2 protein chains.
Amino acid sequence: MTEPPEIRDSGPELVYMQVANWIAGRIERGELKPGHKLPAERDLATQIGVGYMTVRRAMRELRDRGLIITVVGRGTFVAEPRDT
Amino acid sequence: MTEPPEIRDSGPELVYMQVANWIAGRIERGELKPGHKLPAERDLATQIGVGYMTVRRAMRELRDRGLIITVVGRGTFVAEPRDT
DNA sequence: ATGCATTTGTCCGTATGTATG
DNA sequence: TCATACATACGGACAAATGCA
């Protein structure tokens, strides 16, 4: 699975933030709908071409933003939108 | 292990803990009275929509807290309140 | 006593997240 | 990145304990 290279721009931004923002963008644009199950973190790391821990940091970032919900033993899912 | 325990990453909510806390709340609010027989673990699992082993983990948690008593072949019952 | 239904107990296999090296 | 170990989640299968007719 060759992912588009635009995931990582050449800026000084931390890699995990680039990954987080890439996924966040896909969620906010509606490409990933609420309830959608994301690939397993290990698979995501392989697919994107970054380290496992990098994906985990990105997931924690998205979790903190309330964009995803993680359930141990089940997976990671796009959260319901929260209006502000 | 060099870090103090106060540093807790906002981890995901474990399903069995959610189940345990939900039942614990019902007991502590008096919705479930001492001696009350809870549904069978497997029925509970079906009703709540989680796996059997997950309910069993939750039951073990409640048992450890002294909130319920389990008897093989009979069922699970709300324990008598223990003052501290 | 034997059988049946109900309920908890145990184990297995697979998938996933967590943590560390 | 890769490897290792462990906890959690789920479903299935079978065993053990209880109560009842």
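This is a short tour of a predicted model, with stops at two DNA strands, a hairpin and two helix residues.

**Before you start.** Residues count from 1 along each chain as its sequence is written, while chains are lettered from A and ligands numbered from 1 in the order in which they are written. Because the model is predicted, local features need pLDDT of at least 70, side-chain atom pairs count only at pLDDT 80 or more, and totals for chains, interfaces and linings use all residues; side-chain values use heavy atoms, with hydrogens and water left out.

**Stop 1: DNA strand C.** Select DNA strand C and the residues near it (a heavy atom within 4 Å). You should have 30 residues. The closest are R42(A), Y52(A), R56(A), R42(B) and R56(B). By class, the surface holds 11 nonpolar, 8 polar and 11 charged residues. Here Ala, Val, Leu, Ile, Met, Phe, Trp, Tyr, Cys and Pro are nonpolar, Asp, Glu, Lys and Arg are charged, and the others, Gly among them, are polar.

Now flip the selection to the DNA side. Of the strand C atoms within 4 Å of the protein, 60% belong to sugar or phosphate and the rest to bases.

Zoom in on the polar contacts (N or O pairs within 3.5 Å; within protein, one atom must be able to donate a hydrogen and the other to accept it, and sequence-adjacent residues count only if both atoms are side-chain atoms). Pick R56(A): a side-chain N or O atom is 2.4 Å from a phosphate oxygen of strand C. Pick R56(B): its side chain also places an N or O atom 2.4 Å from a phosphate oxygen of strand C. Then go to Y52(B), where a polar side-chain atom lies 3.1 Å from a base nitrogen of that strand.

Color by secondary structure next. Helices (H or I, at least four residues) and strands (E, at least two) are DSSP runs, numbered from the N terminus. Which element gives the most to the surface near DNA strand C? It is α3(B), with 4 residues.

**Stop 2: DNA strand D.** Switch to DNA strand D. It is surrounded by 18 residues. The closest are V50(A), V72(A), V15(B), Y16(B) and T54(B). The classes are 8 nonpolar, 6 polar and 4 charged. Of the strand D atoms within 4 Å of the protein, 78% are sugar or phosphate and the rest belong to bases.

Three picks here:

- G51(A): a polar backbone atom is 2.9 Å from a phosphate oxygen of strand D.
- V72(A): a backbone N or O atom lies 3.4 Å from a sugar or linking oxygen of strand D.
- T54(B): a side-chain N or O atom is 2.5 Å from a phosphate oxygen of strand D.

In chain B, select α1 (15–28) and α3 (52–64). Each supplies at least two residues of the surface near strand D.

**Stop 3: two helix residues.** Select Q18(B), in helix α1 of chain B. Its relative accessibility is 40%, so Q18(B) counts as partly exposed (buried is under 20% relative accessible area, exposed over 50%, partly exposed in between; 1.4 Å probe, protein chains only). Add A58(B), 40 residues away along the chain: the two C-alpha atoms are 8.2 Å apart.

Move to T54(A), in helix α3 (residues 52–64) of chain A. Buried or exposed? T54(A) is buried, at 16% relative accessible area. Beyond its neighbours within four places in sequence, T54(A) is in contact (heavy atoms within 4.5 Å) with V15(A) and Y16(A).

**Stop 4: the chain B hairpin.** Select β1 (residues 68–71) and β2 of chain B. They pair in the antiparallel sense over 4 bridges (pairing needs at least two DSSP bridges). I69(B) stands opposite F77(B). The hairpin leaves 3 residues between the strands, and G73(B) in the turn has a positive phi of about 85°.

Finish on β2(B), residues 75–78. G75(B) and F77(B) are buried on one side, T76(B) and V78(B) on the other.
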